[in-house]
Amino acid sequence: MKILKKIVNIILVLIICICSYKIVDKVMEYKKADNVYEKIRIEKEELKNSYINNEDDTEKDGRGNIFIDNEDYRGWLNVENTNIDYPVLQSYDNQYYLDKDINREYLMSGSIFMNYLNDGFNDENTVLFGHNMRNGTMFAQLRKYKDRDFFYGNNNINIELSNGETLKYEVFSVYVTDVEDNYIQTKFDNANEYKEFLDRIKNKSIYENEIELSEDDKIITLSTCSFEFNDARLVVHGKLIKN
């Protein structure tokens, strides 16, 4: 009986040690991600200020006031009144940046990345993906749009391009769906097909709005995992209102 009790105690101690290790490891990964993105934000601002303060045009690199040393860089995403403030990357598929940072090194939280089928921000529907991290980072705060006051609070989506141009999008739809829903379609055969797509994603919204949509509009789609059911996705759409 004493031997059995010792074995049980040893097992319990091992379980506690393993759980403690996993918790510490997770916290360290979160900290690592915070450090990576804080560093790149600081570098971004320094580059921007340097560009603005440089009066000699011959010394400018010709690539605008934000230049990230990664050929996959497509722009900088900021969602007003959230902590979503990240570079946008794009690779040859939609898997590469799931677990890599802007330096192409392993990072549990990965990066915000563009659908590999997109032609920059030139398509009718530009789709960006990001993890819904349990510490509230990456695309976790997209859930704020599920709150009525926040949805109607003009919390716009902004994209700052390398040339200094800013694309501003007004959010018109938020909903939870599944992975079978083709809300990530980027190109359409004709205007009617695209207009039907716009009507469908607008009608799916949790909240109604008065934003008019036409086949001449361009939109942005932000997508992240959600936890209402297996393979749930939280989706936010915005209409381009300034470029």
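Two strands pair if DSSP finds at least two bridges between them. Keep that in mind for the sheet strands visited below, in what is a predicted model.

**Stop 1: strand 7 and its partners**

Select residues 219-225, which form strand 7. Six of the seven residues in strand 7 are buried, so this strand is mostly covered. Now add strand 4, residues 125-129. Strand 4 and strand 7 run parallel and are joined by five bridges. To see one of these contacts, pick Thr-126, whose bridge partner in strand 7 is Ile-220.

Keep Ile-220 selected and add strand 8, residues 232-242. Strand 8 pairs with strand 7 in the antiparallel sense, over seven bridges. On this side, the partner of Ile-220 is Gly-238. Follow the chain from strand 7 to strand 8: the hairpin has six residues between the strands, and Asp-231 takes a positive phi near 60° there.

**Stop 2: the largest pocket**

Stay with strand 7, which gives three residues to the lining of the largest pocket, the largest share. The volume of this pocket is about 320 Å³. Select Leu-98, Phe-113, Phe-129, Ser-223 and Arg-233: of the 15 lining residues, these are the closest to the pocket centre. Coloured by class, the lining shows seven nonpolar, six polar and two charged residues.

**Stop 3: aromatic rings**

The structure holds ten aromatic pairs. Start with Tyr-92 and Tyr-96, whose ring centres are 5.9 Å apart. Their planes meet at 55°, so the pair is tilted. Which of the two is buried and which is exposed? Tyr-92 is exposed, because its relative accessibility of 60% is over 50%. Tyr-96 has a relative accessible area of 18%, and is therefore buried. Add Tyr-97 to the selection: ring pairs link Tyr-92, Tyr-96 and Tyr-97 into a cluster.

Next, select Phe-188 and Tyr-194. Their ring centres lie 4.8 Å apart and their planes are at 45°, so this pair is also tilted. Phe-188 is buried at 10% relative accessibility, and Tyr-194 is buried at 1%.

**Stop 4: charges over rings**

Show the side chains of Arg-134 and Phe-227. Arg-134 lies over the face of Phe-227, 4.6 Å from the ring centre. Then move to Tyr-175, where the charged end of Lys-204 sits over the ring, 4.9 Å from its centre.

**Stop 5: helix 1**

Finish at helix 1, residues 2-53, and pick Glu-38 within this helix. Glu-38 is partly exposed, with a relative accessible area of 41%. Tyr-86 is 48 residues away from Glu-38 along the chain, yet their C-alpha atoms are separated by 9.5 Å.

How values were computed: Residues numbered from 1 in each chain as written. Predicted model: local features only at pLDDT ≥ 70, side-chain atom pairs only at ≥ 80, totals over all residues. Heavy atoms only, no water. Helix = DSSP H or I, 4+ residues; strand = E, 2+ residues; numbered from the N terminus. Buried < 20%, exposed > 50% of the residue type's maximum accessible area, 1.4 Å probe, protein only. 1 Å grid on protein atoms, 1.4 Å probe; cavity = no way out; pocket = protein on both sides within 12 Å on 5 of 7 lines; lining within 4 Å. Points joined across faces, edges and corners; volume = space filled by probe spheres on them. Nonpolar A, V, L, I, M, F, W, Y, C, P; charged D, E, K, R; others polar. Phe/Tyr/Trp six-rings, centres within 6.5 Å; stacked < 30°, edge-to-face > 60°. Lys NZ or Arg CZ within 6 Å of the ring centre and 35° of its normal.
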